[in-house]
Each structure stands twice: as structure tokens, then as C-alpha cells.
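Here is a short briefing on one protein chain. Keep the structure open while you read.

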Amino acid sequence: MKKIFTLLFALTCFLTKAQTLHKVYNLNYAMASDCNLTTLTYGGGLYYCYVEDSTAMPLGKQSLVLQKNDLNGNPIWKKCYRLNPTSPATPVKILAIGANLYIGGTYGTGAFITRVDSTAGNVGYFNYYPPFGTITAIQVKDIAVLNNTEIVAIGEGTSSVVGVYMYVLRANAATGAV
């Protein structure tokens with residue numbers, strides 16, 4: 001009798017095995033080497049942020065794309081935020097505070113932080129932080145939440161005078177102000 005229960009248990013486990021998520025999504029005009037994909041699982045959704053670049057097309061564009069999928073991988077919405085086609089963008093991370101998502105990275109020669117609501121993808125702000133002083137270019141490597149009220153971007157700044165500096169930007173999460 002014990003063997004029958006063991007066999008039934010093993011058969012039940014085999015037949016009810018959970019399916020894995022294995023899906024493929026088209027990233028329009030994005031190459032694996034430069035789409036800079038970053039992800040976040042938050043509040044029952046999977047968020048993907050990357051750059052679509054079609055600057056080789058006649059009406060070329062560069063867009064920061066944020067896509068929300070359910071936990072089974074089914075798309076809920078996809079938003080494309082148009083960028084200047086001559087300034088490359090590199091999103092490095094998505095963070096969440098309350099109902100908002102924060103995307104940070106490098107845009108052109110400076111840093112950017114954008115606030116987007118997690119339910120519909122509407123932009124609260126997109127702030128660009130240009131190089132200053134002798135720094136000629138900023139490359140953001142990471143962003144983090146500080147006390148649930150501030151976003152910190154960390155990276156390196158290149159100087160025409162000294163070389164490389166450590167770059168730290170602390171911005172108010174509600175407004176993006178430094």
C-alpha cells in the first residue's frame with residue numbers, strides 16, 4: 001500500500017509540474033550589444049526598460065522603452081519615450097518607491113533620472129543632469145534609493161584636466177531636483 005501511495009504521489013508531482021516562463025519579445029531596432037536592457041519585478045508586474053534605436057531608418061528615432069508584463073510574461077502595456085536621436089541613452093536600473101518607478105542612467109554626456117507611474121507608464125518627470133566644471137562626460141553605473149525620498153546615481157565623470165572622478169548625484173525622488 002505504501003508503494004502505491006508513493007507511486008501516486010510521484011505521478012501527481014510529474015503531472016502537475018509547474019510550467020516555466022520561456023518567451024521571446026521583439027525589441028524593435030535594438031541590437032543585443034546596445035539596447036541596455038534592465039528589469040524589475042514589482043507589484044505583480046515584470047518591467048523591462050531598454051533603448052530602441054532606428055536612427056538608420058529614414059525617419060530615425062531613439063526611444064527609451066518601458067514595458068510592463070504580468071507575472072506570466074503577457075504584455076500589459078508598452079510605452080516609448082522619444083529621445084534626441086543624436087544623444088545615446090543607457091538605462092542602468094529601474095527602482096520602485098510606492099506607486100512610482102525610477103529609471104536612471106546615462107543620456108548623451110550627462111546623467112538622467114525619470115519618474116514613471118507603475119500602473120500606466122505616465123511620465124512624472126524626465127530630468128537631465130549635464131556635466132559641470134571640468135567634467136566633460138558622466139557615465140552612470142548604478143542608482144539606489146536613499147531613505148525612500150531620494151534617488152542616488154553613482155558613476156564616473158571624465159575630466160579634460162584631471163582624468164576620472166567618482167560621480168555621485170542625489171536627487172529628490174518627488175521632483176528630481178538636486
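A residue counts as buried when its relative accessible area is under 20%, as exposed over 50%, and as partly exposed in between. Y107 has 12% relative accessibility, so Y107 is buried. The model is predicted. The points below start with the whole chain, then turn to a four-stranded sheet, its ring cluster and two further sites.

**Whole chain**

- The protein chain holds 1 helix and 11 strands.
- Along the sequence the helix comes first, and the strands follow, in the pattern α-β-β-β-β-β-β-β-β-β-β-β.
- Of the 178 residues in the protein chain, 38% are buried.
- Among contacts with a separation of 6 or more, 40% are between residues 24 or more positions apart.
- The chain has an accessible surface of about 10,500 Å², and carbon and sulfur atoms account for 60% of that surface.

**The sheet β5-β6-β7-β8**

- These 4 strands form an open sheet in the order β5-β6-β7-β8, and the pairing is antiparallel.
- Why do β5 (89-97) and β8 (123-129) each have one side without a neighbour in the sheet? Both stand at the edges with a single partner strand, so one side of each stays unpaired in the sheet.
- From one strand to the next, the twist averages 15°.
- The antiparallel pair of β5 and β6 (residues 100-107) has 8 bridges. Within this pair, I97 has N100 of β6 as its bridge partner.
- β6 and β7 also run antiparallel, joined by 8 bridges. Here G104 is the bridge partner of I113 in β7.
- The β6 and β7 hairpin has 2 residues between the strands, and G108 takes a positive phi near 65° there.
- β7 and β8 pair over 6 bridges, in the antiparallel sense. T114 stands opposite F126 of β8.
- In the β7 and β8 hairpin, 5 residues lie between the strands, and G121 has a positive phi near 80°.

**Burial of β7**

- How many of the 8 residues of β7 (residues 110-117) are buried? The count is 8 of the 8, so the strand is largely enclosed by the rest of the structure.
- In a regular strand, side chains alternate between the two faces of the sheet.
- Both faces of β7 are covered. G110, F112, T114 and V116 are buried on one side, and A111, I113, R115 and D117 are buried on the other.

**Aromatic rings**

- The model has 4 aromatic pairs.
- In one of them, the ring centres of Y107 and F126 are 5.8 Å apart and the planes meet at 85°, so this pair is edge-to-face.
- Y107 belongs to β6 and F126 to β8, so the pair ties together parts 19 residues apart in sequence.
- Is F126 buried or exposed? Neither term fits: its relative accessible area is 34%, so F126 is partly exposed.
- Ring pairs join Y107, F112, F126 and Y128 into a cluster.

**G104 in β6**

- G104 sits in strand β6. Its relative accessibility is 0%, so G104 is buried.
- K93 is 11 residues from G104 in sequence, and their C-alpha atoms are 5.8 Å apart in space.
- Beyond its neighbours within four places in sequence, G104 is in contact with T90, P91, V92, K93, F112, I113 and I143.

**The β3 and β4 hairpin**

- In strand β3 (residues 62-70), 8 of the 9 residues are buried, so β3 is largely enclosed by the rest of the structure.
- β3 and strand β4 (residues 75-83) run antiparallel and are joined by 8 bridges. L64 has Y81 of β4 as its bridge partner.
- This hairpin has 4 residues between its strands, and G73 takes a positive phi near 90°.

**E150 in β10**

- E150 lies in strand β10 (residues 150-159).
- Which residue shares a side-chain polar contact of 3.3 Å with E150? The partner is R170.
- Outside its neighbours within four places in sequence, E150 is in contact with A144, V145, R170, A171 and A173.

Definitions and conventions. Residues numbered from 1 in each chain as written. Predicted model: local features only at pLDDT ≥ 70, side-chain atom pairs only at ≥ 80, totals over all residues. Heavy atoms only, no water. Pairing = 2+ DSSP bridges. Axes fitted to C-alpha atoms, helices over the stretch in contact; angles between N-to-C directions. Phe/Tyr/Trp six-rings, centres within 6.5 Å; stacked < 30°, edge-to-face > 60°. Buried < 20%, exposed > 50% of the residue type's maximum accessible area, 1.4 Å probe, protein only. Contact = heavy atoms within 4.5 Å. Areas by Shrake-Rupley, 256 points an atom, 1.4 Å probe, with all protein chains shown as cover. Polar contact = N/O pair within 3.5 Å; in protein donor to acceptor, adjacent residues only side chain to side chain.
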